[in-house]
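The following exercises ask the reader to work through a protein structure step by step. Each task is followed by its solution.

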Amino acid sequence: MSPSQKQEGLVDSLWKFLASVKLTIVLLITLACASIFGTLIPQNASPAEYIQAFGPILYRIFWVLDIFDMYHSWWFQFLILMLAINIVVCSFDRLSATWQIIFAKNPKFNPERFQRLSNKQEFNETGSAQTLSQVYSPIIAKYFRYQTVTNSGKGTYLFAERGRWTRLGVYVVHLSVVILLIGGLIGSIFGFEGFVNIAEGESAQTIRLRNVNQVRELDFVIRCDDFDVSFYETGTPKEFRSKLTIIEGGQEALTKDIIVNDPLRYKGISIYQASYGSLAPDRMTLKFTSNASGMAYEIPAKVGGTIDIPEAGGQFTVTEFQPQAVFRGTNLGETIVGRLQPKGDTSPADIMLPVRFPSFDKMRKGDWVISVGNIEPRYYTGLQIAKDPGVWVVYTGFTLMIVGFVITFFLSHQRICVAILPNDTGSSVTVAGMATKNKLGMENRIRKITAKLSVARV
Amino acid sequence: MSSSQILSLVTFIYGLAAFLYLVAWIFRQDLPGKLATWVALTGAAANTAGLILRWVESYKLGIGHAPLSNLYESLIFFAWTIACFYLVIERIYKNRTIGAFSMPLAFLAIAYASLSPNISDRIQPLLPALKSNWLIAHVITCFIGYAAFAIAFGVSIMYLFKQRASGDQLQFLQRLPEIRVLDELTHQLVMFGFLFLSVGIITGAVWANSAWGRYWGWDPKETWSLITWFIYATLLHARLMRGWQGKRIAFLSITGFMAVLFTYFGVNLLPGLHSYGAMG
Ligand code: HEM
């Protein structure tokens with residue numbers, strides 16, 4: 001063997017390997033197993049959590065194999081790349097043969113091939129082959145678009161077929177998989193995904209990127225003009241809505257209300273309502289009720305401010321606002337925390353004033369019961385910011401895939417041969433058929449057509 | 001009657017239908033089989049009524065939404081699709097033994113919804129992210145796919161039974177459809193299911209993109225639906241390889257359905273969480 005022949009042999013067998021369905025099956029099963037593994041190990045957690053869960057040795061091994069961000073690891077991406085190559089090579093390998101079948105000017109029919117089929121029905125008829133074929137031809141034409149009649153020394157053959165083009169369906173499916181992968185690639189190279197929290201009335205231009213510890217500066221400023229949340233009676237959130245203004249080059253470019261499932265889009269970047277949270281209120285009032293006199297006083301307050309308690313009761317300083325305060329394991333929700341300095345030389349006490357539970361402070365059994373009167377809630381909106389120029393490629397892939405499936409699964413290339421051969425009493429008629437899909441359906445169809453033919457008269 | 005009451009009743013109707021199909025098959029009787037079909041039809045009708053009534057009830061509560069928003073509702077819908085799907089197949093293939101392997105699945109789905117103490121049948125308001133037509137399309141297509149896979153699973157079990165049976169010592173196995181019919185039926189069902197699972201994954205991706213700006217995030221539930229997809233893609237291609245007809249296809253179909261079940265129920269057991277666990 002000459003070196004070039006040897007090389008050709010090598011290229012050939014590499015091509016065969018890359019075109020084989022066996023490789024497809026190995027890849028699909030490997031991808032499935034790897035994905036299972038990836039769901040058993042939480043992805044993108046912190047190193048400390050992993051070390052605690054797996055110990056240092058296993059942690060090291062997993063770290064080397066990129067298990068903690070497995071779906072983006074080199075080896076997982078390599079498997080996907082192999083699948084793509086497999087699809088492309090396999091499709092090229094087969095397309096020329098399929099092409100010839102589909103676009104043949106004069107498709108060749110081989111009567112022997114039909115005779116060997118198991119999907120076959122026979123009956124005897126009195127007429128001659130010539131007359132019978134004239135009777136049968138219009139009936140067959142009802143079911144099949146293309147028809148040819150051949151006469152040979154043995155007898156007459158009617159060939160008919162339909163749906164040749166449906167053989168392309170599989171290629172549409174395979175193409176769609178490749179397009180999906182390309183779309184995903186475009187997104188991962190040219191897109192980004194991040195998030196930012198903006199308090200009502202404030203603006204932001206810098207976002208934090210997801211899963212990597214980086215920030216990114218946008219070309220424009222996002223201002224949150226307003227945020228609202230409404231609740232169902234059960235207390236679960238019903239809708240959150242942010243009014244956002246985009247400011248570019250000092251100019252207001254766009255204002256829009258966004259809710260979950262209805263983002264704002266600006267210059268290829270989409271801004272999604274993702275979450276929200278409460279902030280320390282600007283203004284509030286605190287209610288002081290005296291046990292001694294029974295009098296109640298409502299006094300304006302703000303975080304960091306100090307109030308003189310009436311009736312010379314001492315001083316109260318609001319130290320902080322906690323959106324989710326916890327007291328003995330119970331979540332109290334939004335809570336004002338403050339320091340009470342009663343009159344005289346008693347030592348100061350830190351106390352909690354949950355907004356939702358006005359009588360909470362009674363438990364303390366002090367001279368005064370303090371509660372939150374009016375509070376104006378202030379929120380920040382949690383925005384998810386994404387840019388993905390590959391989305392439209394991906395959506396094209398989605399559409400193609402569905403179209404391809406419908407063609408591949410529900411349509412088929414069907415062929416039928418009616419052989420009319422003279423015998424002692426007239427003719428023997430054999431109806432045989434084949435289909436690329438739904439073989440049982442084709443059997444039924446052959447039976448039905450045979451029944452029609454056997455009762456047809458001139 | 002409230003929708004929950006109707007649906008509890010459906011549980012028993014489906015149970016009865018499953019029982020009758022099994023009796024008809026094992027004791028080779030036609031009468032229980034005919035009865036089973038009528039019982040199953042009644043069950044499916046009542047199931048439909050229950051779903052519609054639940055929809056109406058949610059509007060009366062002022063939180064109107066399609067009854068497809070939590071585990072209870074999805075199980076009810078799952079049972080409904082299995083029952084309807086099976087009844088169509090019974091008509092086409094004119095063989096009631098398939099019912100002995102399909103109706104029990106419809107029964108189990110609805111029984112789990114009605115009887116499990118962990119599953120609440122209360123009509124709950126929708127979280128903001130769940131208010132999307134894409135989500136409705138997503139749930140419906142996924143469950144049509146799951147129903148096809150469920151019946152394919154039943155048919156694959158029949159295949160394995162039938163394949164084992166040698167001679168006529170087990171007469172009740174003879175009532176099962178011919179082995180090549182079972183093989184073809186599995187293929188048809190898997191193709192159908194694969195189409196719907198794919199559309200389900202796609203509509204889910206479109207929904208995720210409209211809600212969070214990412215059509216794919218490798219969260220465990222998404223990943224498991226992809227794993228399921230890989231398994232059935234393997235099945236479809238395995239038929240093209242020599243020696244992979246029949247038994248191995250049946251095993252793949254069974255494995256695929258296990259993956260469906262895990263996607264549906266098991267994912268919550270995994271570390272991490274699906275952003276909106278309400279679906280399962
Ligand atoms: C995840 C990726 C893939 C998907 C979703 C996919 C999908 C499909 C579908 C739906 C069919 C039709 C099956 C049937 O008729 O029952 C099919 C057939 C086929 N696929 Fe794939 N496929 C994929 C990857 C591949 C790869 C990598 C190869 C490479 C060898 C391949 C080779 C074939 C072949 C040879 C056929 C049969 C075509 C025919 O019947 O003429 N597929 N594929």
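**Exercise 1. Describe how strands β9(A) and β10(A) are joined, and continue from β10(A) to its partner β18(A).**

Step 1. In this predicted model, strand β9 (residues 264–266) of chain A and strand β10 (residues 269–279) of chain A run antiparallel and are joined by three bridges.

Step 2. One residue pair can be located: Y266(A) has I269(A) in β10(A) as its bridge partner.

Step 3. The hairpin of β9(A) and β10(A) has two residues between the strands, and K267(A) takes a positive phi near 50° there.

Step 4. β10(A) is also joined to β18(A), by 10 bridges, and these two strands run antiparallel. Here S270(A) has A386(A) in β18(A) as its bridge partner.

**Exercise 2. Determine whether Q384(A) is buried or exposed, and identify the polar contacts of its side chain.**

Step 1. Q384(A) lies in strand β18, which covers residues 378–387 of chain A.

Step 2. The relative accessible area of Q384(A) is 6%. Buried means under 20%, so Q384(A) is buried.

Step 3. The side chain of Q384(A) makes a polar contact with the side chain of E193(A) at 3.2 Å. A polar contact with the side chain of R210(A) follows at 3.3 Å.

Step 4. Not counting residues up to four places away in sequence, the residues touched by Q384(A) include F195(A), S270(A) and Y272(A), as well as W212(B) from chain B. S270(A) has already appeared in Exercise 1, as the bridge partner of A386(A).

**Exercise 3. Classify K120(A) by its accessible area and describe its surroundings.**

Step 1. K120(A) belongs to strand β1 (residues 120–125) of chain A.

Step 2. Its relative accessible area is 27%. This value lies between the cut-offs of 20% for buried and 50% for exposed, so K120(A) is partly exposed.

Step 3. Leaving aside neighbours within four places in sequence, K120(A) is in contact with F114(A), Q115(A), T430(A), V431(A) and A432(A). The side chain of K120(A) reaches the backbone oxygen of Q115(A) at 2.6 Å.

Step 4. K120(A) and R447(A) are 327 residues apart along the chain, yet their C-alpha atoms are separated by 8.3 Å.

**Exercise 4. State the strand order of the open sheet that contains β11(A), and name its edge strands.**

Step 1. Three strands of chain A form the open sheet, in the order β12-β11-β17, with antiparallel pairing.

Step 2. The edge strands of chain A are β12 (296–301) and β17 (368–375), since each pairs on one side only.

Step 3. On average, neighbouring strands of this sheet are turned by 25° against each other, direction ignored.

Step 4. β11 (residues 284–290) of chain A pairs with β17(A) over six bridges, and L286(A) stands opposite V372(A) in β17(A).

**Exercise 5. Check the span of helix α1(B), and decide which part of chain B should not be read in detail.**

Step 1. Helix α1 of chain B comprises 24 residues (3–26), so at 1.5 Å a residue it should span 34 Å. Its end C-alpha atoms are 34 Å apart, which agrees. Just after α1(B), R28(B) takes a positive phi of about 50°.

Step 2. Chain B has a mean pLDDT of 86, and 92% of its residues reach 70 or more.

Step 3. Over residues 272–280 of chain B, however, pLDDT stays under 50, although the model has 24 contacts beyond four places in sequence for them. Where pLDDT is low, predicted coordinates should not be read in detail.

Methods:
Residues numbered from 1 in each chain as written. Chains lettered and ligands numbered in written order. Predicted model: local features only at pLDDT ≥ 70, side-chain atom pairs only at ≥ 80, totals over all residues. Heavy atoms only, no water. pLDDT = per-residue confidence, 0-100. Contact = heavy atoms within 4.5 Å. Pairing = 2+ DSSP bridges. Helix = DSSP H or I, 4+ residues; strand = E, 2+ residues; numbered from the N terminus. Axes fitted to C-alpha atoms, helices over the stretch in contact; angles between N-to-C directions. Buried < 20%, exposed > 50% of the residue type's maximum accessible area, 1.4 Å probe, protein only. Polar contact = N/O pair within 3.5 Å; in protein donor to acceptor, adjacent residues only side chain to side chain. Expected span 1.5 Å × (residues − 1).
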